[in-house]
Each structure stands twice: as C-alpha cells, then as structure tokens.
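Trainee: Please walk me through the ligand site of this model at close range. Then carry on to the strands and charged pairs elsewhere in the fold.

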Amino acid sequence: MNFFTLRVALSGYRTFSTKGFSEQKTYINNKYKAETTTVTKRQIRRSKIQWTEEQKSVLSAIEQGKSVFITGSAGTGKTMLVIEVIKRLKKMHTPSKVFITASTGVAAVALKGQTLHSFGGIRGPFYHDPKKLFESILADNRAVRRWQKANALVVDECSMVDGELFDGLEYVARKVRGVDEMWGGIQMVVVGDFCQLPPIPNDSSKPVKYAFEARCWDESFHLQKELTKVFRQSDPQFIELLQRMRKGEIDSLDLSLLEKCYSERVCDSSVVKLFPLKKKVMEVNEKMLKSLQKDVTVYPAVDTGKDTWKKLLNQGIAPDQLELCEGSRVMLIKNLDVRKGLVNGATGTVVGFDNGLPIVKFDSGKVLTIKPAEWSIMEGDEVVAKRWQIPLRLAWAQTIHKCQGMTLEKVSIDLSGSFGVGMVYTALSRVKTLAGLHLSGFKSSMIRMDPKVLEFYKKLCNKSLDTSCIESKDNSRRHSLSCTAENAGAADNVGTVEKKCYFDLDGYLSRRLKR
Ligand SMILES: Nc1ncnc2c1ncn2[C@@H]1O[C@H](COP(=O)(O)OP(=O)(O)OP(=O)(O)O)[C@@H](O)[C@H]1O
C-alpha cells in the first residue's frame, strides 16, 4: 500500500465536517435522469440546446431508421439526447408503435415508459434458454401484441440489463414477429454507461454478464456512439479525475484531491446524503423526522389500474406512504415549473401545512403549497396504471442507486459499505464541483471497475478512431443466434413522534379532480 492509499484508507475512519457547506447557500439543483421527460421537452424548446456533433450524428442515424447504442460517461447528455430521440421516433413511427423501456422502474416511469421486463412479458426470473423464454412470453397475449406492434424500442439504463436476457429478447422479437432480421426488424435505441451500476445477477454465484457480452450485441446496432463531451462538470481537473476513476485508474494526485473533500464537521442537514444501502438511508431519514418531535401527517398514495401494473408503481417512483412534519427536508420528485427552478430534485424544507397539504420553502427561496401529482405507467400510448401522491420524498438521505442520473450542486457521500463495481464512480459523478463534494467512508480499494467493461470501451474507442463510430458492416443485420458511517447529521437524540394524522388523498382527489 503506498503512502497515498494509506492516507485515504486511514481517513476513511474519520468523521467529517461540513465546514463551508453550512455557510454556503444550500440551493441544490438536481434531477433524476429520466423523470424529466415532459418538462425536459419544454426545456429543450426553451433553452434551444445546441447539440454537439456527436449528438447530432446520433439524431441523424435515428432519422435514417438506424438502430443505435448511445453510451458515454456520466453527464455527457445521454438523457437529454434520448428524450429528443424519443420525440423523433414518435414522429417517424407514430407514438403507439414506439415503446419506451428501462431496466429499472424509476428510470422507466420517469421516461413515461415501462420496465423492459414488463414490456417483454418476462415474469419473475427470466429463462436463460431463449426458446423457453419465447414459450413463456407466448402465453402472454398482451406481451405478444406489444412485440408485434413495436416499430421502435428504447432501452434505457442498459448497464443493468443481463447479457443473456438481451440475447433471449432478440430471439423472442424475431420469432414473435416472424421476421428473420435482428430484433425482428425493430429499430433499437439502447442507452447506458457500463461503467455505472451493473446488472443484479439472478444467481449471485455466477459472474455478471453484461448486455455487451450478448452474442447479438454488435449485430444489433448500425451505430454504437460514445458521447465524450462532459456537460455536468466544468472543472477539467475534476473531469479528468472522474474519467480515471471510471476506468479504475485513480492516481496519487486524484487521491489527494479527494482528501480535500474530507472534513471534520458534521454535514449541514440541508445537504443531500448518499449511502450505498437503503437501510442506512431509511434510518437517517426516520431519525431525522423523529428528531424534529413534531406532529406527523401521513400521505398514503392513491393507485388506479390493474393489479399487475400497480406493482410497478411500488418500484420507487413516489413513496406509497409519505410522512412529513414541519421542518422535514424534502426533495421534489416531479418538475413543477422549470423556469422557477421547481424541478425534479429541487430541495427545500416543509414550513407548514395548508388544509393538510405541505407548504415547502425551497432552497431557492420560493415557497409553494405542494398539491398531489400523478405518475402514469404507459404501455405504448395507453395508460395502464396511475399513482397519485404528494410529489415529495424525504431528502436528508438517498441511496446511490436512486441518485443515478442526478446532477447535484452539493452532496455528502458516505461510502461505508460500498459494494460492487461502478458504485463509487456513479456516486461521485453526480456532483458538479469538487467544492460541492463532502466525502466519508472512502477507501481507494472501493474504486472497482470490471476489466470486461474496460475492454469493451477500449475496443469501442479504438474502432471510433477510424470511423468515429462503429458502423455495422452487414446492413441486413441477420440474426446471430440460431435459436463509517457518518451519522450524516442524523440526530442522536431520537425524539418520539407526537401524533400521526392521515391525509385523505382519495377524498381530496374526488373533490378537486372530480374523478
Ligand atoms: N448539448 C448540450 N448542451 C448543453 N448542455 C447539455 C447538452 N447535453 C446535455 N447537457 C446538460 O448536461 C447535463 C447532464 O446531462 P444528462 O443528465 O443528460 O447526462 P447523462 O449522460 O444522462 O448522465 P448520467 O449518465 O449521469 O445519467 C444536464 O444538465 C444537461 O442539461
């Protein structure tokens, strides 16, 4: 272990301060990657995004009907681009023939789509044998209709899609559609960064198989494009640090830069805290809520739709039960008004209640009574389930998995208990500047990258040097498959909640919305 590694390892056991954090303005402007579809469309219109040449080449390939894989480091604009891609696909194919999916529920609903599992008709753990997978899907008439109807299929967060599943679905597409072309002729748009969170294996004793390891991978795309311009960070030193970390190549200079992000004081409670584990997040949020010792209002979500679809509503879109009291730190989970900064990820504090609805003073200074909002699960262009809830989440703490896609001004990351590859990079790449980063529980050994991923990007980059992209030679794309934890401000003196009262959201909606 060299001197710097030792220094970082030792510092991993320190407690850290938020000196500087508490003195700074606490406005946090972040967003969840995908849940910005509607407003981002507006944003695109208003802010007139200047697409880079790389981004333009993707848009042009899409308009030529090509299948594209879009990748790139965190903050290179994949999400912004995919939102525009969806818009153009819908114009080309009509909305009902464009299916939007993602590997996770949060990303799927956020893009107003569905999970890849629900689109594909995969129930429970999937069959590794493509033929068995096909037979199981055949039993689901609606899934068969979706596969037959699709002209274009978007798959977001593909780093978490299993490689065998990817092969299996390609086989299913061909068989169900009876078209002997890759993916049965569907225009595929697959998006993700394999250096971020990997697939969660069905069987943890087996090594992870990434989607790029699927036999059909290369033949699935006419173009594989790596976006290289990072927008989220502007400090070249930080960008380079993150690029090295992405490849697992952190050096002594990087470690000493990160060491500056350690400090002794406890973090200001207004700064979002990220943890690897959900348990820690819940613990911190609950402790903080109780420590306020105020009467709590409980908001149970109102769900409509078929039971099979309702399950998806519980996958982290909006809490099925939200508890708030005066003083709660909250994060907006829906875009309410982009121009006023009331965007998904904006944080604030509950300052009171108006007829049972929370009044939030945002860190930008805006004060607003938050009314219930709706989230829809779509199947093609049909709404199949809906959730109504107050669009807030307790925001003292969040998991690293939940923050994938966010852009944060300031963040306090406790990496104790960090597991798997890509987690440290995913967490650190959320923040815009090193000055906004407060780090704890970090050891350099936690920076882990899968050599298979590194090899994939090396090849992608080498090929890009020649053509600036990988063009599939075979345009007919015949199929290839024959068959320390810092307390993070959590109060030690846990108080008792005085009283809980339930808000009648159903009644409110009936009265206000005349459902
Ligand atoms: N062409 C562009 N011009 C200016 N800003 C852009 C452009 N493309 C993206 N951005 C901005 O870059 C930031 C990061 O974009 P985005 O969230 O789409 O990145 P991402 O690649 O999806 O990141 P992640 O992998 O972390 O989810 C956003 O604030 C977005 O507005």
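Mentor: The ligand site comes first, then the sheets, then the salt bridges.

This is a predicted model, in which local features need pLDDT of at least 70 and side-chain atom pairs count only at pLDDT 80 or more, while totals for chains, interfaces and linings use all residues. Residues are numbered from 1 along each chain as its sequence is written, and side-chain values use heavy atoms, with hydrogens and water left out.

Start with the shell. The ligand has 18 residues around it. A residue counts as near when one of its heavy atoms lies within 4 Å of the molecule. Gly 75, Lys 78, Thr 79, Arg 232 and Arg 430 come nearest. By class, the shell splits into 4 nonpolar, 9 polar and 5 charged residues. Here Ala, Val, Leu, Ile, Met, Phe, Trp, Tyr, Cys and Pro count as nonpolar, Asp, Glu, Lys and Arg as charged, and the others, Gly among them, as polar. Helix H4, residues 78–93, gives the most to this shell, with 3 residues. Helices (H or I, at least four residues) and strands (E, at least two) are DSSP runs numbered from the N terminus.

Now the polar contacts. Each is a pair of N or O atoms within 3.5 Å; within protein, one must be able to donate a hydrogen and the other to accept it, and residues adjacent in sequence count only if both atoms are side-chain atoms. The side chain of Gln 55 puts an N or O atom 2.9 Å from a nitrogen atom of the ligand. Gly 77 uses its backbone: an N or O atom there is 3.1 Å from a ligand oxygen atom. Met 80 also uses a polar backbone atom, 3.0 Å from an oxygen atom of the ligand. On its own the ligand exposes 640 Å², and the protein buries 84% of that. These areas come from the Shrake-Rupley method with a 1.4 Å probe; for residues, only the protein chains shown count as cover.

Next, the strands. Strands of a sheet pair through backbone hydrogen bonds, either parallel or antiparallel. Two strands count as paired if DSSP finds at least two bridges between them.

One open sheet is parallel, with 4 strands in the order E18-E7-E19-E20. Its edge strands are E18 (397–399) and E20 (437–440), and each pairs on one side only. The twist from one strand to the next averages 25 degrees. Axes are lines fitted to C-alpha atoms, for helices over the stretch in contact, and angles run from 0 to 180 degrees between N-to-C directions. Strands E7 (272–275) and E19 (411–414) share 3 bridges. There, Leu 274 has Ile 413 as its bridge partner.

Another open sheet is antiparallel, with 3 strands in the order E9-E16-E15. Its edges are E9 (302–305) and E15 (373–379). Neighbouring strands are turned by 15 degrees on average, direction ignored. E15 joins E16 (382–389) through 7 bridges, and Ser 376 stands opposite Lys 386. E9 and E16 share 4 bridges, and Gly 305 faces Ala 385.

Look at E12 (347–354) as well. Strand E11 (329–332) pairs with E12 over 3 antiparallel bridges, with Val 330 opposite Gly 348. E12 also pairs with E13 (357–362), again antiparallel, over 6 bridges. Thr 349 has Lys 361 as its partner there. In the E12 and E13 hairpin, 2 residues lie between the strands, and Asn 355 takes a positive phi near 50 degrees.

Finish with charge. The structure holds 17 salt bridges, each a side-chain nitrogen of Lys or Arg within 4 Å of a carboxyl oxygen of Asp or Glu. One of them pairs Asp 167 with Arg 215, their closest N and O atoms 3.3 Å apart. Asp 167 lies in helix H9 (163–177) and Arg 215 in the loop between strand E5 (187–191) and helix H10 (217–220), so the pair ties together parts 48 residues apart in sequence.
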